[in-house]
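Work through the exercises below with the sequence and the model at hand. Each task is followed by a solution in steps.

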Amino acid sequence: MKIAILGSTGSIGTQTLEVVRAYSDELEVTALAAGSNVDLLEKQVREFHPKIAALWSKEKADELRTRLRDMDVRVVSGMEGLLEVATVSDSKVLVTAIVGMIGIRPTLAAIEAGKDIALANKETLVCAGHIIIPIAKEKGVSILPVDSEHSAIFQSLNGERHNKISRILLTASGGPFRGKTRKELENVTVEDALKHPNWSMGQKITIDSATLVNKGLEVMEAKWLFGVEYDDVEVVVQPQSIIHSMVEYEDGAVIAQLGTPDMKLPIQYALFYPNRRYLSGDRLDFSILNQITFEKPDMDTFEGLKLAYEVGREGGSLPTVFNAANEYAVDYFLKGRIAFLEIYEMIKSCLSAHTKIEKPSVEDILNTQSWVEDYIKSRYK
Ligand code: NAD
Ligand code: MG
């Protein structure tokens, strides 16, 4: 099977390539896209021989093209490049391992071109789920979750499609600041926020895990992927990240997927679905593992989750404002320009200044993102 990857140099992208390497007799890479890492993308092209390689910046793409003169590969750049990778003629699946709502246009283009989507890029679904899901249905393409919680839910729905779900129980680790008070969060540093207790991931999602915005985005992601209402998605803090999520049915039965934290499992489940494949690595050892604990999320301190439920319920362009504001806020926080709790302030300030659009088109979504950018730039000089 031939696959294309958006974001091949990142955390999910490189782990996807590890899966390809382990199953090179079954999987083949036909196009790769990344942001700016020329060295790593060059290595990846030399190892996996895609037909197309894309880098976001034109200068970096030019450099890559020069370096790869001896190879038979087309090097492209910018949004055009992402669209080319997303729709490359011979791919069956697009793995969206790119970060942020930049993924919206390429994901839609891939669906239009009939590609199945192995979806890690949750921001795209949060902003444009109301457009993506109907088009995917119309085109008959599958959207297979890569996010570990959604993969767990997907696995817990196996053979149960005709049965009524009463609740989705979305588990959360609680992040590095679980149990902290607002006061204690005032002075946390970027370094503290980047220390996730259980997962090693890209910087943006790691900060989102510390604010619980990630869990909020995941609640919206679950709504779109599984066609449920917000009242039917409950977040359960499970600090050890062993239960990756659960589904409760109308008879009260709860089905869960458990395992050690390893993103290669959901990645390869999405690529080989409905089949499972051997994955090396640690197994859960129930003789050592003596407890799995649960807590309620603290939504007053970690407002990101509460805000996400609110914007999700309101719908329209509000999830886009929430997500776009968070993307800029996280960037500002990582650059040391704002404090941790100001991430929430920035999101709230954008939400209250915004005039809601009921059913935003792709253009409305991208315009809303530009509005958020301008608004933040004018307020936080
Ligand atoms: P990352 O920062 O490690 O990687 C992001 C990738 O996107 C990189 O290859 C980067 O070069 C590329 N990229 C960024 N901007 C680009 C642009 N303008 N053009 C082309 N490429 C661009 O991020 P990640 O942790 O791998 O996360 C990727 C997505 O997967 C996110 O949406 C995240 O929420 C989701 N996700 C990640 C994990 C995880 O374990 N890392 C788990 C669940 C979901
Ligand atoms: Mg997740």
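**Exercise 1. The metal site**

Are Asp147 and Glu149 buried or exposed? Then list the donors of the magnesium ion and their spacing in sequence.

Solution. The model is a predicted one. Step 1: apply the cut-off, by which a residue is buried under 20% relative accessible area and exposed over 50%. Asp147 falls in the buried class, and Glu149 does too.

Step 2: turn to the magnesium ion (ligand 2). Its coordinating residues are Asp147 through OD, and Glu149 and Glu218 through OE, at 2.1 to 2.2 Å.

Step 3: write the donor residues in sequence order. The spacing is D-x1-E-x68-E.

**Exercise 2. The open sheet**

Determine the strand order of the seven-stranded sheet, identify its edges and find the helices that pack on it.

Solution. Step 1: follow the pairings across the sheet. The order is S4-S3-S2-S1-S5-S6-S7, the pairing is parallel, and the sheet is open.

Step 2: look for strands with a single partner. These are S4 (74–77) and S7 (143–145), so each of them has one side without a neighbour in the sheet. On average, neighbouring strands are turned by 20 degrees against each other, direction ignored.

Step 3: check one pair in detail. S5 (residues 93–96) and S6 (residues 116–119) run parallel and are joined by four bridges. In this pair, Val93 is opposite Asp116 of S6.

Step 4: add the helices. Helix H1 (residues 11–22) packs on the sheet and touches S1 (2–6), S2 (28–34) and S5. The direction of H1 makes about 165 degrees with that of S1. Helix H12 (residues 264–272) also packs on the sheet, with S1, S5, S6 and S7 as the strands it touches. The direction of H12 makes about 155 degrees with that of S7.

**Exercise 3. Strand S10 and its partners**

How many residues of strand S10 (residues 243–249) are buried? Describe also how S10 pairs with S8 and S11.

Solution. Step 1: count the buried residues. Seven of the seven residues of S10 are buried, so the strand is largely enclosed by the rest of the structure.

Step 2: take the pairing with S8 (residues 165–172). Four bridges join S8 and S10, and the two strands run antiparallel. Ile168 stands across from Val247 in S10.

Step 3: take the pairing with S11 (residues 254–258). S10 and S11 are antiparallel and share five bridges, with Met246 placed opposite Ala256 in S11.

Step 4: examine the connection. Four residues lie between S10 and S11, which form a hairpin. In the turn, Gly252 has a positive phi of about 95 degrees.

Methods. Residues numbered from 1 in each chain as written. Chains lettered and ligands numbered in written order. Predicted model: local features only at pLDDT ≥ 70, side-chain atom pairs only at ≥ 80, totals over all residues. Heavy atoms only, no water. Pairing = 2+ DSSP bridges. Axes fitted to C-alpha atoms, helices over the stretch in contact; angles between N-to-C directions. Contact = heavy atoms within 4.5 Å. Donors = N, O, S within 2.8 Å, 3.2 Å for Na, K, Ca; no water. Buried < 20%, exposed > 50% of the residue type's maximum accessible area, 1.4 Å probe, protein only.
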